[in-house]
Amino acid sequence: MVYVTGDTHGDIKRFSDPRLRSLKKGDTLIICGDFGFIWDGTRSEERVLKYLGRKRYNICFIDGTHENFDLLNQYPVAMWNGGKVHEISGNVRHLMRGQVYTLEGKRYFTMGGGESADFEIRVEHNRWSKEELPTRNELLAAARAVEKTGGKIDIIITHEPPQKIKGFLQLKENREAVRVTGLNTFFDELAAFCEFKRWFFGSLHEDKYISTTHIGVFHNIVNAATGELLR
């Protein structure tokens, strides 16, 4: 089975959640960005990654906005279930941008990245990196990968939501104006082209079923195929 949850931000207690005890060997847990366990490259961090890599299930994550991209990009690249990954440690893998994977007979498209809300006051390489936003070439490569499937994608995993979802939440919940980037716009185009069943995203740090197709995740653990909560 494949399950999806939200940003972990380096909180090891998230992996002591009793709900995860039901995951079996070969199952996969996908984290929607801001993994947080690749940050300073210390020995203690390496020990944590080795501990996570020994879990019986796969731990996969896309990148978010709070990542150490310099460290992340040093990991070896390999092919895994049809798409490129960074091999981190044991069963821990980074699902790279614009890739299509086949897991348990279903196609998964992944696109990490986003824009920090407070990027204007951050300093590069000090908790902020210009690499947090996908480049034009990465978006073009992602579009080509999706086109090869004819738009037949079952599950979409991103950190940021599409522009329409951001705007909907702003109007419905009277939020402050949200920043819209080219990535959000790209996701609107992706949504129009693809015939997907579910779209998961984590940047809003909310557990919210916005529609039957768009699901915001944070602490919830959701069965990707059925949309049901793991309890």
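A residue counts as buried when its relative accessible area is under 20%. Keep that cut-off in mind, and remember that this model is predicted.

**Stop 1: a pair of rings**

Select Phe186 and Phe187. Both are buried. Their rings form an aromatic pair, one of 7 in the count. A pair of aromatic rings is described by the distance of the centres and the angle of the planes. For Phe186 and Phe187, the centres are 6.0 Å apart and the planes differ by 55 degrees. That makes the pair tilted.

Now select Phe15, Phe35, Phe37 and Phe61. These four form one aromatic cluster. Keep Phe15 on screen, as it returns at the next stop.

**Stop 2: the cavity**

Rolling a probe the size of a water molecule over the atoms shows where empty space is left. How many cavities of 30 Å³ or more does a search of the whole structure find? The search finds 1. About 70 Å³ of space lies in the largest cavity.

Select its lining in three steps:

- Start with Thr5, Thr8, Arg14 and Phe15, which are among the lining residues.
- Add Asp17, Arg19, Leu20, Leu29 and Ile31, also part of the lining.
- Finish with His219 and Ile221, which line the cavity too.

Colour the lining by class. You should get 5 nonpolar, 3 polar and 3 charged residues.

**Stop 3: two cysteines**

Select Cys32 and Cys60. Each is buried, Cys32 with a relative accessible area of 0% and Cys60 also with 0%. Why is Cys32 not bonded to Cys60? The sulfur of Cys32 has its closest cysteine sulfur in Cys60, but that is 12 Å away, too far for a bond. The cut-off for a disulfide is 2.5 Å between the sulfur atoms. Cys60 is in no disulfide either, and its nearest cysteine sulfur is that of Cys32. Across the whole structure, the search finds 0 disulfides.

**Stop 4: the sheet**

Switch to a cartoon view. Strands of a sheet pair through backbone hydrogen bonds, either parallel or antiparallel. Look for an open sheet of 7 strands with mixed pairing. Trace the strands in the order 4-5-6-3-2-1-15. Which strands stand at the edges? Strand 4 and strand 15 (222-223) do, each with a single partner strand, so one side of each has no neighbour in the sheet.

Zoom in on strand 4 (residues 77-80) and strand 5 (residues 83-89). They run antiparallel, joined by 4 bridges. Select Trp80 and find Gly83 opposite, in strand 5. The hairpin of these strands has 2 residues between them. Click on Asn81 there: this residue takes a positive phi near 50 degrees.

Step across to strand 6 (residues 92-95). Strand 5 and strand 6 pair in the antiparallel sense, over 4 bridges. Select Glu87 and look across to Arg93 in strand 6, which stands opposite.

**Stop 5: a pocket**

End at the second largest pocket, with a volume of about 300 Å³. Its lining has 18 residues, and the closest to the centre are Asn73, Met96, Arg97, Gly98 and Glu138. Select those five to place the view.

Next, show helix 2 (69-72) and helix 3 (136-148). Each supplies at least two residues of the lining. Which helix gives the most? Helix 3 does, with 5 residues.

Colour this lining by class as well. The pocket shows 7 nonpolar, 7 polar and 4 charged residues.

Conventions. Residues numbered from 1 in each chain as written. Predicted model: local features only at pLDDT ≥ 70, side-chain atom pairs only at ≥ 80, totals over all residues. Heavy atoms only, no water. 1 Å grid on protein atoms, 1.4 Å probe; cavity = no way out; pocket = protein on both sides within 12 Å on 5 of 7 lines; lining within 4 Å. Points joined across faces, edges and corners; volume = space filled by probe spheres on them. Nonpolar A, V, L, I, M, F, W, Y, C, P; charged D, E, K, R; others polar. Buried < 20%, exposed > 50% of the residue type's maximum accessible area, 1.4 Å probe, protein only. Pairing = 2+ DSSP bridges. Phe/Tyr/Trp six-rings, centres within 6.5 Å; stacked < 30°, edge-to-face > 60°.
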